[in-house]
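Subject: Structure handover and findings

Hello,

Here is the structure you asked for. Please open it first, then read my notes below.

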There are 2 protein chains.
Amino acid sequence: MAEATTDKRQGHTRGRTGNDRRTQIIKVATELFREKGYYATSLDDIADRIGFTKPAIYYYFKSKEDVLFAIVNSIVDEALERFHAIAAGPGSPGERIHALLVEHTRTILRNLDANTVFYNERGLLSPEREREMRKREREYTEIMQRLYAEGVATGELLDVDPTVATATLLGAAIWTYRWYDPEGRLSADEVVEQITRLLLNGYRRPA
Amino acid sequence: MAEATTDKRQGHTRGRTGNDRRTQIIKVATELFREKGYYATSLDDIADRIGFTKPAIYYYFKSKEDVLFAIVNSIVDEALERFHAIAAGPGSPGERIHALLVEHTRTILRNLDANTVFYNERGLLSPEREREMRKREREYTEIMQRLYAEGVATGELLDVDPTVATATLLGAAIWTYRWYDPEGRLSADEVVEQITRLLLNGYRRPA
DNA sequence: CCTACCGATCGGTAGG
DNA sequence: CCTACCGATCGGTAGG
């Protein structure tokens, strides 16, 4: 897939706009950061796989960290949007939490590379950026916590602490990035259905 | 806590056996690997915090990776032992899975530093060691999968794929290392109780 | 367990 | 977007 681009020996790549290039750098960096981690991936690695040299990257990004930030930032953006939309949507609190878990898990499984980088490497951003990321993440976990608390109040949801509940439910969904194998036996849709059913009903089969 | 040891300026530390030193290096490395990550922690950082110099570490470990391996290995050892003991113990499959989740979560919360290093940094070991780790981890997830399948067969447990079920339940428990704050509002015991109750019953309150 | 040091890697820049 | 290069960091070793 990385080889789809023009080989170095053919000379300069033609027909790519600057935006394409930027996107391409992000895509390749995402693959490599996922495979080897942020520190173990050099800018030479990224440039090599694309077919140019390291300084070219500096034409599109100010620093290596900026590349990581671009990846991490887009993940948070999408998640935030998703949470807002669903939380404001129709349905009881429990139904909206279900929808949230379905969509969140589905998105992770559909975009495993970037989500893996997000969950594994976001801690390596500069302190200021990490603070900003945490803040935006807290934004959407709070959306879910309010929703959960509402459901507890109406008696629809199990009475546990909303912080614990939402961290646990989201954690179970997020953890897929560590074990799900797209080449494996189970389709993403099956996995999403089973996880969300398990979380909704519990592993003890109702009598 | 790292300052409990003798300061450099007081000269050589007295009254520590080699085993103490080794343990001390592991302890300090665990703290630093957790705070800053494996790559961002230099051997000088570790030595500094203890109060000696880098080459001293090589008296106790062959390489930096060996320090990480010592941490990661002990976590897997304990988990494996725990899973074996509980799986072979008394109770229905569902009861044993409950016990497993309780104990696993409790252990993580009681030893957050080392478990954080385990889950965040184990991927940075050499390919051979990573393979070995994966193999031993698979060993205990398979124990849980067999238990789950048994419970599905007897009708005690919700009928979802045992791989999905165990990954999800364990993931929910493990995820605590990312959000639990020992200085926070909730005690570890409360969190363990609420998480395991949530997973057992599901977030939808039974009518 | 220390001082002194080497070799390699790598992010980033100059200058074009 | 390239060639050439700098400066800093760091794991690891020599020799004691």
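One term before the rest: helices here are DSSP runs of H or I with at least four residues, and strands are DSSP runs of E with at least two. With that in hand, take residues 42-61 of chain A. The span is 75% helix and 0% strand. Its end C-alpha atoms lie 14 Å apart. An unreviewed UniProt entry annotates these residues as "DNA-binding region". That label comes from the record, and such annotations may be inferred rather than shown by experiment. Please also keep in mind that this is a predicted model.

How the two chains relate

Chain A can be laid on chain B with an RMSD of 0.0 Å. The operation is a turn of 180 degrees with a shift of 0.0 Å along the axis. The two copies are therefore related as by a two-fold rotation axis. Which residue of chain A comes closest to that axis? Gly202(A) does, with its C-alpha at 1.8 Å.

DNA strand C

Strand C is surrounded by 15 residues. The closest are Lys54(A), Tyr58(A), Lys64(A), Arg21(B) and Thr53(B). Of the atoms of strand C that come within 4 Å of the protein, 54% belong to sugar and phosphate.

Both chains take part through a helix. H3 (54-60) of chain A and H3 (54-60) of chain B each supply at least two residues of the surface near strand C. H3(B) gives the most, with four residues. By class, this surface has eight nonpolar, four polar and three charged residues.

Three polar contacts are worth finding on screen:

- Lys54(A) reaches a base: a polar side-chain atom lies 2.8 Å from a base nitrogen of strand C.
- Thr53(B) meets the backbone of the DNA: a polar side-chain atom lies 2.7 Å from a phosphate oxygen of strand C.
- Leu43(A) uses its own backbone: a polar atom there is 2.9 Å from a phosphate oxygen of strand C.

DNA strand D

Now turn to the other strand. Strand D has 15 residues around it. Here the closest are Arg21(A), Thr53(A), Lys54(B), Tyr58(B) and Lys64(B). Sugar and phosphate make up 54% of the strand D atoms that come within 4 Å of the protein.

H3 of chain A and H3 of chain B each supply at least two residues of the surface near strand D. Which helix provides the largest share of it? H3(A) does, with four residues. The classes are eight nonpolar, four polar and three charged residues.

Contacts to phosphate oxygens of strand D include these:

- Thr53(A): an N or O atom of the side chain, at 2.7 Å.
- Tyr60(A): an N or O atom of the side chain, at 3.4 Å.
- Lys64(B): a polar backbone atom, at 2.8 Å.

Salt bridges

Over all chains, the structure holds 34 salt bridges. I picked out a few.

Start with Arg122(A) and Glu137(A). Their closest N and O atoms are 2.3 Å apart. Arg122(A) sits in the loop between helix H6 (112-121) and helix H7 (127-153) of chain A, while Glu137(A) sits in H7 itself, so the pair ties together parts that are 15 residues apart in sequence. Are these two residues buried or exposed? Both Arg122(A) and Glu137(A) are buried.

Next come Lys36(A) and Asp45(A). Their side chains form a salt bridge at 3.1 Å, N to O. Lys36(A) is partly exposed, with a relative accessible area of 35%. Asp45(A) is partly exposed too, with a relative accessible area of 23%.

Chain B has a salt bridge between Lys36(B) and Asp45(B), with the closest N and O atoms 3.1 Å apart. Lys36(B) is partly exposed at a relative accessible area of 35%. Asp45(B) also counts as partly exposed, at 24% relative accessibility.

Finally, chain A holds a network. Salt bridges link Lys27(A), Glu31(A), Glu35(A) and Arg49(A).

Best wishes

Definitions and conventions:
Residues are numbered from 1 along each chain as its sequence is written. Chains are lettered from A and ligands numbered from 1 in the order in which they are written. This is a predicted model: local features need pLDDT of at least 70, side-chain atom pairs count only at pLDDT 80 or more; totals for chains, interfaces and linings use all residues. Side-chain values use heavy atoms; hydrogens and water are left out. A residue is near a molecule or strand if one of its heavy atoms lies within 4 Å of it. A polar contact is a pair of N or O atoms within 3.5 Å; within protein, one must be able to donate a hydrogen and the other to accept it, and residues adjacent in sequence count only if both atoms are side-chain atoms. Ala, Val, Leu, Ile, Met, Phe, Trp, Tyr, Cys and Pro count as nonpolar, Asp, Glu, Lys and Arg as charged, and the others, Gly among them, as polar. A salt bridge is a side-chain nitrogen of Lys or Arg within 4 Å of a carboxyl oxygen of Asp or Glu. Buried means under 20% relative accessible area, exposed over 50%, partly exposed in between (1.4 Å probe, protein chains only). Copies are superposed by least squares on the C-alpha atoms of residues with pLDDT of at least 70 in both.
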